[in-house]
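Here is a friendly walk through one protein model, told as questions and answers. Have the viewer open and follow along.

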Amino acid sequence: MHAFQDYYPENVAHCYGCGRLNEHGHQIKTYWDGDETVTRFQPKPEHTAIPGFVYGGLLASLIDCHGTGTAAAAMYRAENRPLDSLPAFRFVTGTLRVSYLKPTPLGPELEIRGRVKEIKGRKVLVEATVHVNGVITAEGEVVALQMPDDFVAGKP
């Protein structure tokens, strides 16, 4: 089974968090799990905040990219289109809100779960939670905005 990110066109597959073409990035992979989406990520020792715990910026990055990937997949699903159909749906973050509920231990695999709360035109609201061994350690909300067709690298 292919992840949502496997279908991103090459010109938009370089994101540090989710781009399959960024060899130094996280290269997260997101899948449907019923009405939710799921990403699993294994933090590395360099993702340390203080010894034994995950850096909060990593958690925000995972929620961010999980949210935009979920938004893209949700738009395809809403239009009853396969993920490899054109024109491609690709999203950027309009707003990211993260709440850290408890320290996230470094070592166990993280599971990020998302749920689409609303689709309104070119905007998708996604709620996400970070789980470690079944315990929610962080939660967030992403307002994902569909990239305009004329969005080009290097142009504001």
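Q: Is Q27 buried, partly exposed or exposed?
A: This is a predicted model, and Q27 sits in the segment before β1 (30–33). Its backbone has a positive phi of about 50 degrees, although Q27 is not a glycine. Buried would need a relative accessible area under 20%, and exposed one over 50%. With a relative accessible area of 32%, Q27 is partly exposed.

Q: And its neighbour I28, buried or exposed?
A: I28 is also found in the segment before β1. Leaving aside neighbours within four places in sequence, I28 is in contact with Q5, G17, C18, T39, F41, L62, C65 and H66. The cut-off for buried is under 20% relative accessible area. At 2% relative accessibility, I28 counts as buried.

Q: How are the elements of the protein ordered from the N terminus on?
A: There is one helix to place, along with six strands. The helix, α1, covers 56–78, and β1 covers 30–33. Reading from the N terminus on, the order is β-β-α-β-β-β-β.

Q: What radius of gyration does the protein have, and how compact is it for its length?
A: Along its principal axes, the C-alpha trace spans about 45 × 30 × 30 Å. For 156 residues the globule rule gives 15 Å, and the value for the protein is close to that, so it is as compact as a globular protein of that length. The radius of gyration is 15 Å.

Q: Which element gives the most residues to the largest nonpolar core?
A: In soluble globular proteins, nonpolar side chains tend to be buried together. The largest nonpolar core here has 27 residues, and L62, F91, L110, I112 and V130 are those with the most contacts inside it. At least two residues come from each of α1 (56–78), β4 (110–120), β5 (123–132) and β6 (135–146). The element that gives the most, with nine residues, is α1.

Q: Which residues does L110 touch, not counting those up to four places away in sequence?
A: L110 is among the core residues with the most contacts inside the core. Touching means heavy atoms within 4.5 Å. The partners of L110 are T39, R40, F41, P43, L59, L62, T104, V130, H131 and V132.

Q: Which two residues does a cis peptide bond join?
A: Most residues other than glycine have a negative phi, and most peptide bonds are trans. Look in the loop between α1 and β3 (91–100), where P87 lies. Omega is about 0 degrees for the bond that joins L86 and P87.

Q: Is N133 buried or exposed?
A: N133 is found in the loop between β5 and β6. Its phi is near 50 degrees, a positive value in a residue other than glycine. Exposed means over 50% relative accessible area. At 66% relative accessibility, N133 counts as exposed.

Q: What distance separates the C-alpha atoms of D149 and F89?
A: D149 is found in the segment after β6 and is exposed, with a relative accessible area of 76%. D149 and F89 are 60 residues apart along the chain. Their C-alpha atoms are separated by 9.7 Å.

Q: How far apart are the mean positions of the positive and negative charges?
A: The protein has 16 positive and 18 negative charges. Taking the mean position of each set gives two points to compare. They are 3 Å apart.

How values were computed:
Residues are numbered from 1 along each chain as its sequence is written. This is a predicted model: local features need pLDDT of at least 70, side-chain atom pairs count only at pLDDT 80 or more; totals for chains, interfaces and linings use all residues. Side-chain values use heavy atoms; hydrogens and water are left out. Helices (H or I, at least four residues) and strands (E, at least two) are DSSP runs, numbered from the N terminus. The radius of gyration is taken over C-alpha atoms; the globule rule is 2.2 Å times the number of residues to the power 0.38. Lys and Arg count as positive and Asp and Glu as negative; His and the chain ends are not counted. The place of a charge is taken as NZ of Lys, CZ of Arg, CG of Asp or CD of Glu. A nonpolar core is a set of buried Ala, Val, Leu, Ile, Met, Phe, Trp, Tyr and Cys residues joined through side-chain atoms within 4.5 Å. Buried means under 20% relative accessible area, exposed over 50%, partly exposed in between (1.4 Å probe, protein chains only).
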